Amino acid sequence: MKVLILPDQQTAITRAADIVADTVTKQPDAVLGLATGGTMVPLYSELAQRHREAGLSFAQTTSFNLDEYIGLSPDHPCSYHHFMQETFFDHVDIDPSRTHLPKGDAPDPRIASDAYEALIAKAGGIDLQLLGIGQNGHIGFNEPTASLGSRTRVKTLTHSTRQANQRYFASFDETPKYAITTGVATILESRMCLLIATGEAKAKAVADMIEGPLTAVCPASALQLHARATIVLDEAAAGALALRDYYQTVHPEGRDSAFD
Ligand code: F6R
């Protein structure tokens with residue numbers, strides 16, 4: 001794992017945006033795996049700004065989001081379809097016909113899950129997968145004990161994930177219980193993974209992911225198996241790392257090393 005520790009949230013987001021911009025510039029038709037959640041909001045805002053001010057183009061990219069709640073239609077204000085539209089797609093030149101999210105309102109979410117996995121394969125797989133991390137170590141909605149060999153499927157959300165996401169809904173009871181998520185194995189097949197974590201609340205999950213055992217109890221620890229996984233952190237999210245000094249020696253202030 002390449003662990004980049006930046007002084008604060010803003011510099012971490014800028015560093016992550018540099019990596020996305022570099023991918024899209026070198027490979028304009030890249031297939032991007034996208035994530036939602038609070039961590040991604042400033043990243044999408046930064047990428048939109050680079051589109052407006054520096055001509056960063058997403059016109060030829062294809063995108064696949066990690067997950068969507070079951071039971072919400074794309075126009076539901078709390079759906080991830082809506083989130084992506086509002087925070088990113090409306091602000092860049094991505095072709096709407098090449099953006100994809102799991103169909104949370106499909107009559108049979110299991111069939112929709114299989115179809116989504118097949119669609120990713122048909123697109124040639126994901127070049128760059130963006131990821132956040134849950135406080136319980138989830139990636140996508142692969143909750144603790146999710147199979148590390150899993151593919152896109154229906155997952156039941158944990159109580160703690162529903163509590164964390166309740167802020168977007170009117171009440172806990174209205175927070176969905178189920179989601180379609182790409183699997184851990186789907187994520188591991190991406191050619192590069194870029195996980196971003198900011199804030200002290202993520203420090204334990206980040207330490208478990210990077211330095212804990214490889215275990216389904218912390219699905220993000222599966223990234224230890226990925227040959228090109230970059231983890232971008234701010235100081236607060238890096239707070240529980242035992243080998244923090246080492247990461248900072250290899251990548252001072254999150255810069256690339258001489259051999260990257
Ligand atoms: C969302 C997703 C989740 C989030 C994670 C962190 O598409 O895949 O794994 O990345 O729950 O969410 P925030 O950034 O809101 O803390």
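## The shell around the ligand

Ala, Val, Leu, Ile, Met, Phe, Trp, Tyr, Cys and Pro count here as nonpolar, Asp, Glu, Lys and Arg as charged, and the others, Gly among them, as polar. By that scheme, the ligand's shell holds three nonpolar, eight polar and three charged residues. The model is predicted.

The ligand has 14 residues around it. Those that come nearest are Thr39, Asp67, His138, Gly140 and Lys202.

## Polar contacts and burial

Two threonines approach the ligand through their side chains. In Thr39, a side-chain N or O atom is 2.4 Å from an oxygen atom of the ligand. In Thr36, the corresponding distance to a ligand oxygen is 2.7 Å. His138 also takes part: one of its polar side-chain atoms lies 2.7 Å from an oxygen atom of the ligand.

How much of the ligand does the protein bury? Taken alone, the ligand exposes 410 Å², and the protein buries 90% of that. The site itself is the largest pocket, where the ligand sits.

## Aromatic pairs

The structure holds ten aromatic pairs. One of them joins Phe64 and Tyr116. Their ring centres are 5.8 Å apart, and their planes stand at 75 degrees. Planes over 60 degrees apart count as edge-to-face, so this pair is edge-to-face.

Where do the two partners lie? Phe64 is in strand 3, residues 62-65. Tyr116 is in helix 4, residues 109-122. The pair therefore ties together parts that are 52 residues apart in sequence.

How values were computed:
Residues numbered from 1 in each chain as written. Predicted model: local features only at pLDDT ≥ 70, side-chain atom pairs only at ≥ 80, totals over all residues. Heavy atoms only, no water. Near = heavy atom within 4 Å. Polar contact = N/O pair within 3.5 Å; in protein donor to acceptor, adjacent residues only side chain to side chain. Areas by Shrake-Rupley, 256 points an atom, 1.4 Å probe, with all protein chains shown as cover. 1 Å grid on protein atoms, 1.4 Å probe; cavity = no way out; pocket = protein on both sides within 12 Å on 5 of 7 lines; lining within 4 Å. Sits in = over half its atoms within 2 Å of the grid points. Phe/Tyr/Trp six-rings, centres within 6.5 Å; stacked < 30°, edge-to-face > 60°. Helix = DSSP H or I, 4+ residues; strand = E, 2+ residues; numbered from the N terminus.
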